[in-house]
Amino acid sequence: MERGEHDIDHLLKLSTDSSNIEGTLIWEPSESVSGISSLALQGYLAGRNVRDSAIDSDALETFSKAIHAEPLVAHELVVARGTPPIHGDSATYTIDPCIAAQIERISARADAIKAGNITRSMIEQTPDDGTDDPECGHTDDATEPSELPETDSDESGTSHYDQMGFVVVQRGDTIAHKSERSEGVDGCDIFGKTIPAHEGKLNEGFLDESIFVSPDGVCTALISGVLTATDTSISISNHLSIHGDVDFTTGRITFPGSVSVKGSVRDRFFVHALKDIEIDGLVEAADLQSDQSITLHRGMAGKDIGQTNAEQNLTAGYLESVIGTIKGNAAVNSEITNCTLIIRGELHADSAALRGGAVEVSKTARIGSIGSVQGVKTEVRIGTLPDVEKLIRNADELLKQIERKIEIETSKKERMDKAITKPTPQQIEELMGLQFEIDELQSRKNDLDTSRDILLNLLSIHTQAKLEITKAIYAKTVLYFPGYRCEFSNDLIGESVITIGSNSKPTLNYLGKSMPLSERARIIPDDRILKAEFIDPDLEVIEQIEPVSQDGQGPLDDMDDGSALPNAA
Amino acid sequence: MKILLIDDSKTMRNIQKSVLKQLGYTEIEEACDGQDALSKIGAFKPDLCLVDWNMPIMDGLTFVTTFRQTDKTTPLIMVTTEAEKSRVIQAIKAGVNNYVVKPFTPDLLSERITETLAKCSVGS
């Protein structure tokens with residue numbers, strides 16, 4: 001060190017933060033301030049590899065002045081600053097405005113229901129029957145149908161029943177828009193070292209596999225179902241799970257997948273689903289419709305208007321005053337009371353009591369008991385397929401008409417033939433016309449005969465007139481079998497099986513002993529159910545037809561009128 | 001293959017149409033007399049005509065004569081109750097290619113149509 005120069009290194013200290021973004025000079029108290037200037041301080045910093053561009057000259061000047069003013073006091077000041085990195089933004093997903101509006105509407109409605117601004121009693125203006133308040137517990141006591149309101153709408157015309165409490169999207173709908181992540185900009189510390197920026201997160205787990213993201217960021221539903229959107233994910237499920245009741249909170253449900261309900265389905269609501277429906281609680285006078293199967297763990301009290309329709313099977317604890325068509329099998333545990341049911345498959349109700357109402361079963365029915373000790377009139381039709389039978393009856397009627405017409409035309413031609421010895425050109429043409437007409441009618445008759453045979457074959461394959469009883473058939477029960485009406489005026493207690501015997505008449509196997517049913521019931525010929533006696537082995541194609549196909553569209557679906565008959569006109 | 005049926009009787013046209021459909025011909029036009037037929041020929045351009053003899057307004061023979069003045073090739077079959085030999089000859093002279101006498105059976109009409117088309121080399 002030369003004369004007049006002072007070593008300042010022992011008086012100063014450079015401190016940095018963990019990232020070296022800020023450099024702070026610290027002055028240890030000393031009387032020796034000679035040689036302290038902003039230039040000297042800059043040199044001090046340069047000697048410690050602090051890059052020029054990071055040094056704050058003004059701060060150095062301030063620091064220098066402060067030292068000179070109070071050298072015996074400790075000083076410290078940030079005099080160098082690096083550039084912090086700018087980290088990249090993560091990928092974000094913005095819900096499509098239409099869906100966002102739906103979510104908002106549903107949320108507002110849910111809040112209004114919670115706050116008591118929308119209640120069933122407000123909408124329906126009916127006397128409280130104990131089931132009206134959604135907060136109340138459920139009751140099994142059915143209200144009379146007359147108590148149900150005729151309209152679903154309030155004064156503003158809004159149907160509160162139809163406000164579904166879920167966002168249901170269809171395959172192909174736009175769900176959201178994705179903004180890609182950004183890489184960020186690197187920073188630099190006071191010594192010139194690069195501080196790398198963090199890239200934004202991809203957030204790949206934000207969407208599940210039910211949503212497709214196109215290169216331009218449009219997020220599209222790959223399946224139809226219920227949309228769930230949270231702060232951390234968006235997903236679509238084709239299973240709708242309702243933890244409470246189907247009521248004003250959920251609204252009426254039309255869903256493109258399966259639906260499960262932990263609670264009940266309240267009066268006038270409905271659940272329509274393309275797949276299975278499963279309900280743990282009670283179903284009131286509601287409407288259930290599934291393109292597959294329905295399972296009611298508890299049961300349904302339909303109040304004579306509630307409907308349950310399944311393209312496949314039905315399983316229920318009990319059914320009371322329910323109307324329904326089941327295209328597959330039905331299984332009922334405890335009772336079927338006052339129901340109007342059409343079951344195109346089998347009925348499995350081995351331990352159930354079937355009381356009142358009218359039940360049609362196309363195939364075997366296994367029932368605990370039919371009717372009641374009190375003598376409730378109960379009607380059961382076994383081995384019937386009404387749609388096909390209707391077509392056969394239509395065909396029979398048309399055949400009669402055609403045969404009558406053939407008879408008239410033939411007789412007319414015969415009379416002409418006899419009366420004319422040498423026909424004129426006009427008469428020749430007239431006779432040809434008559435013959436042509438007869439041929440045409442005959443051809444139509446043949447087509448119709450074939451159609452009728454096919455239908456009979458169909459009826460034969462898809463029906464089975466067999467009734468198995470495990471407990472009793474009570475008096476006032478009326479059973480219909482193909483060709484017969486069987487009236488019971490006395491109870492038949494114990495196991496019994498009724499089938500159509502080889503003589504085409506109902507036979508009874510009672511407590512292991514076979515006998516004509518006429519010994520226990522009054523048997524009256526009745527063609528309410530057609531006999532399906534005919535099977536033409538040549539009509540093999542029909543044997544391949546299942547009553548209900550995988551997609552729920554059976555061959556019978558197209559035959560609800562006479563249109564399926566060839567040449568029916 | 002386009003076929004024009006010319007007959008004043010709708011029943012006869014229906015009978016012929018029925019036979020033609022059984023033979024697989026589906027492009028069929030109808031005319032109720034010779035004049036009606038002439039008015040339809042330009043647009044329909046038939047490959048074969050079945051013509052009745054006795055019709056109001058313009059009979060079959062007049063139609064054949066008129067038609068042959070401009071069209072020598074399209075096959076014509078006379079379908080008529082006129083069974084006398086002299087009438088058949090008259091029709092053939094006028095230009096018909098074949099002759100079917102009413103009452104005919106579907107088989108006979110079918111046979112004559114096939115025969116005529118083969119002779120005139122018009123494929124179906």
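Helices and strands are here DSSP runs, with at least four residues for a helix (H or I) and at least two for a strand (E), and they are numbered from the N terminus. Read in that way, the elements of chain B run β-α-β-α-β-α-β-α-β-α from the N terminus on. The model is a predicted one, and the points below take up chain B, then chain A, then the contact between chain B and chain A, and finally one residue of chain A, L431(A).

**Chain B**
- The alternating order of elements in chain B corresponds to a secondary structure of five helices and five strands.
- Chain B has 124 residues, of which 52% count as buried, and the chain exposes about 5900 Å², with carbon and sulfur atoms supplying 51% of that area.
- When contacts in chain B between residues at least 6 apart in sequence are considered, 60% of them join residues at least 24 apart.

**Chain A**
- The secondary structure of chain A comes to seven helices and 38 strands, in a chain of 569 residues of which buried residues make up 45%.
- About 28500 Å² is exposed by chain A, and 48% of this is supplied by carbon and sulfur atoms.
- For contacts in chain A between residues at least 6 apart in sequence, the share that joins residues at least 24 apart is 48%.

**Where chain B and chain A meet**
- Twelve residues from chain B and seven residues from chain A take part in the contact, and the two chains bury about 810 Å² between them, 76% of it on carbon and sulfur atoms.
- One salt bridge is counted between chain B and chain A, and in it the side chains of E429(A) and K102(B) meet at 2.4 Å, N to O.
- Sorted by class, the side of chain B that touches chain A has four nonpolar, five polar and three charged residues.
- The count of residue pairs in polar contact between chain B and chain A, with both residues at pLDDT 80 or more, is one.

**A residue of chain A: L431(A)**
- L431(A) is found in helix α6 of chain A, which covers residues 425-461.
- L431(A) counts as buried because its relative accessibility is 13%, and buried means under 20%.
- Leaving aside neighbours within four places in sequence, L431(A) is in contact with K413(A), M416(A) and D417(A).
- Of these partners, K413(A) lies 18 residues from L431(A) in sequence, while the two are 6.5 Å apart in space, C-alpha to C-alpha.

Conventions
Residues are numbered from 1 along each chain as its sequence is written. Chains are lettered from A and ligands numbered from 1 in the order in which they are written. This is a predicted model: local features need pLDDT of at least 70, side-chain atom pairs count only at pLDDT 80 or more; totals for chains, interfaces and linings use all residues. Side-chain values use heavy atoms; hydrogens and water are left out. Contact means heavy atoms within 4.5 Å. Buried area is the accessible area (1.4 Å probe) that two parts lose on being put together, summed over both. A salt bridge is a side-chain nitrogen of Lys or Arg within 4 Å of a carboxyl oxygen of Asp or Glu. A polar contact is a pair of N or O atoms within 3.5 Å; within protein, one must be able to donate a hydrogen and the other to accept it, and residues adjacent in sequence count only if both atoms are side-chain atoms. Ala, Val, Leu, Ile, Met, Phe, Trp, Tyr, Cys and Pro count as nonpolar, Asp, Glu, Lys and Arg as charged, and the others, Gly among them, as polar. Buried means under 20% relative accessible area, exposed over 50%, partly exposed in between (1.4 Å probe, protein chains only). Accessible areas come from the Shrake-Rupley method with a 1.4 Å probe; for residues, only the protein chains shown count as cover.
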